[in-house]
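Open the model in your viewer and keep the selection tool at hand. The tour goes from one selection to the next and says what is there.

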Amino acid sequence: MENIIYEKIELVGVLQVNRPKALNALNVQTIIDFEKALDKIEQDRELRCLVITGSGDKAFVAGADIVEMSKMTSIQAKEFSQKGQGIFRRLEILRIPVIAAVNGYALGGGCELACACDFIYASEKAKFGQPEVALGLMPGFGGTQRLARFVGLANARELIYTGRQINAQEALRIGLVNKVCEPEKLMNEVLECAKIISKQAPLAVAASKEAINDGFDVAIDKGLGFEVDLFSDLFESEDVKIGTKAFIEKTPAKFIGE
Ligand code: CAA
């Protein structure tokens, strides 16, 4: 893979968008590489958490590639948007939690990538924004749909209509990021969180993710129905026995993911 670096740190996958000469902008090749990395990640039953970050100290992802987009026809743009949306959707419904470690600019497609993750930790140097309207474009990798889920409709509208960049503190204030870290501590903080997630019962974490995602924009009674089904299904797993027994015996639980 030319533009994606993927490594595993124990049970945590770390996917780095690696195109620093263009501030990790997502061109067609990067999206193809991202798809390949996801093929591998989806098959890996050992993984408990995935972290997404950008190479270098300046950018997470500075958006979709503007040079490539400047030459696209409407038909090519449709395919590009569908491909970008496709990888972000795969992240969103991945069995394991995905954390965005936003180490710098997260603009346009970069902000959309972060919003396709379960939650975001950001460096003090991070900058977020959806500047597409300044290019005659609009968000095309899910921004009109996902940003509001993090920051509410009014904040999302303002960010998308103005194209304004916000810093990490403002992103924290409006609920876009969960935590702001010193730049050199960002990765450690994210990995620490990923490690805590990795110690929990994997089927229970996966079922929680599914219930949160599927229940978010449906009527509450339907969402509660999803929860009942997923909650009760877990009682068929070994991990429920392992976790509850360990609590009663006051020993640490060692989950097996079955
Ligand atoms: N696409 C292509 N190349 C990009 C890029 C992008 N999105 N962002 C940065 N680059 C390139 C620059 O062209 C420059 O390349 P050269 O050295 O060859 O000139 C290199 O990365 C370094 O960037 P700058 O010199 O501009 O760095 P800076 O520190 O002065 O500015 C920045 C940083 C504010 C992030 C600025 O690069 C910028 O505004 N980038 C574009 C951000 C943007 O508009 N993103 C949205 C794209 S549209 C989109 O994403 C649509 C969608 O939803 C699918």
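Which residues point one way from S7, and which the other way? Phe119, Tyr121 and Ser123 point one way, Ile120 and Ala122 point the other way, and all are buried. Before going further, note that this is a predicted model.

**Stop 1: strand S7**

Select residues 119-123, which make up strand S7. Of its 5 residues, 5 are buried, and S7 is mostly covered. In a regular strand, side chains alternate between the two faces of the sheet.

**Stop 2: strand S5, paired with S7**

Now add residues 98-102, strand S5. S5 and S7 run parallel and are joined by 4 bridges. To check the register, show Ile99, which stands opposite Phe119 in S7. Then show Val102, which stands opposite Ala122 in S7.

Is S5 enclosed or open to the outside? Buried here means under 20% relative accessible area. In S5, 5 of the 5 residues are buried, so the strand is largely enclosed by the rest of the structure. Colour Val98, Ala100 and Val102 for one side and Ile99 and Ala101 for the other; all are buried, and both faces of S5 are covered.

**Stop 3: strands S3 and S10**

Select residues 49-54, strand S3. S3 pairs with S5 in the parallel sense, over 3 bridges. Ile52 has Ala100 of S5 as its bridge partner.

Return to S7 and add strand S10, residues 179-181. S7 and S10 also pair in the parallel sense, with 3 bridges between them. Lys179 in S10 is the residue that Tyr121 stands opposite.

**Stop 4: aromatic rings**

Show the side chains of Phe, Tyr and Trp. How many aromatic pairs does the structure hold? There are 4 aromatic pairs. For Phe119 and Tyr121, the ring centres are 5.9 Å apart and the planes are at 45°, so this pair is tilted. The angle lies between the cut-offs of 30 degrees for stacked and 60 degrees for edge-to-face. Phe119 and Tyr121 are both buried.

Next select Phe80, Phe88 and Phe141, which form one aromatic cluster.

**Stop 5: the sheet with S4, S6, S8 and S9**

Hide the earlier selections and show strands S4, S6, S8 and S9. These 4 strands form an open sheet in the order S4-S6-S8-S9, with mixed pairing. S4 and S9 are the edge strands, each pairing on one side only.

Within this sheet, select S6 (residues 105-107) and S8 (residues 127-129), which pair in the parallel sense over 3 bridges. Ala106 has Phe128 in S8 as its bridge partner.

**Stop 6: Ala59**

Select Ala59, which lies in strand S4 (residues 59-61). Its relative accessible area is 1%, so Ala59 is buried. Which residues does Ala59 touch, not counting those up to four places away in sequence? They are Leu23, Asn24, Gly54, Asn103, Gly104 and Tyr105. For a distance label, pick the C-alpha atoms of Ala59 and Gly110: they are 9.0 Å apart in space, while the two residues are 51 apart in sequence.

**Stop 7: Gly163**

Move to Gly163, in the loop between helix H6 (153-162) and strand S9 (166-167). Gly163 is buried, with a relative accessible area of 15%. Leaving aside neighbours within four places in sequence, Gly163 is in contact with Gln130, Pro131, Val133 and Glu158. A C-alpha to C-alpha label from Gly163 to Lys199 should read 40 Å, for a separation of 36 residues in sequence.

**Stop 8: helices H9 and H10**

The last selection is helix H9 (residues 202-215) with helix H10 (residues 220-234). Their axes come within 9 Å and cross at roughly 170°. That angle makes H9 roughly antiparallel to H10.

Which residues make the contact? On H9, show Leu203, Ala204, Ala207, Glu210, Ala211, Asp214 and Gly215. On H10, show Gly223, Phe226, Leu230 and Leu234. Coloured by class, the contact of H9 with H10 has 7 nonpolar, 2 polar and 2 charged residues.

Terms used. Residues are numbered from 1 along each chain as its sequence is written. This is a predicted model: local features need pLDDT of at least 70, side-chain atom pairs count only at pLDDT 80 or more; totals for chains, interfaces and linings use all residues. Side-chain values use heavy atoms; hydrogens and water are left out. Rings of Phe, Tyr and Trp (its six-membered ring) pair if their centres lie within 6.5 Å; planes under 30 degrees apart count as stacked, over 60 as edge-to-face and the rest as tilted. Buried means under 20% relative accessible area, exposed over 50%, partly exposed in between (1.4 Å probe, protein chains only). Axes are lines fitted to C-alpha atoms, for helices over the stretch in contact, and angles run from 0 to 180 degrees between N-to-C directions. Helices (H or I, at least four residues) and strands (E, at least two) are DSSP runs, numbered from the N terminus. Angles under 35 degrees count as roughly parallel, over 145 as roughly antiparallel, 65 to 115 as roughly perpendicular and the rest as oblique. Contact means heavy atoms within 4.5 Å. Ala, Val, Leu, Ile, Met, Phe, Trp, Tyr, Cys and Pro count as nonpolar, Asp, Glu, Lys and Arg as charged, and the others, Gly among them, as polar. Two strands pair if DSSP finds at least two bridges between them.
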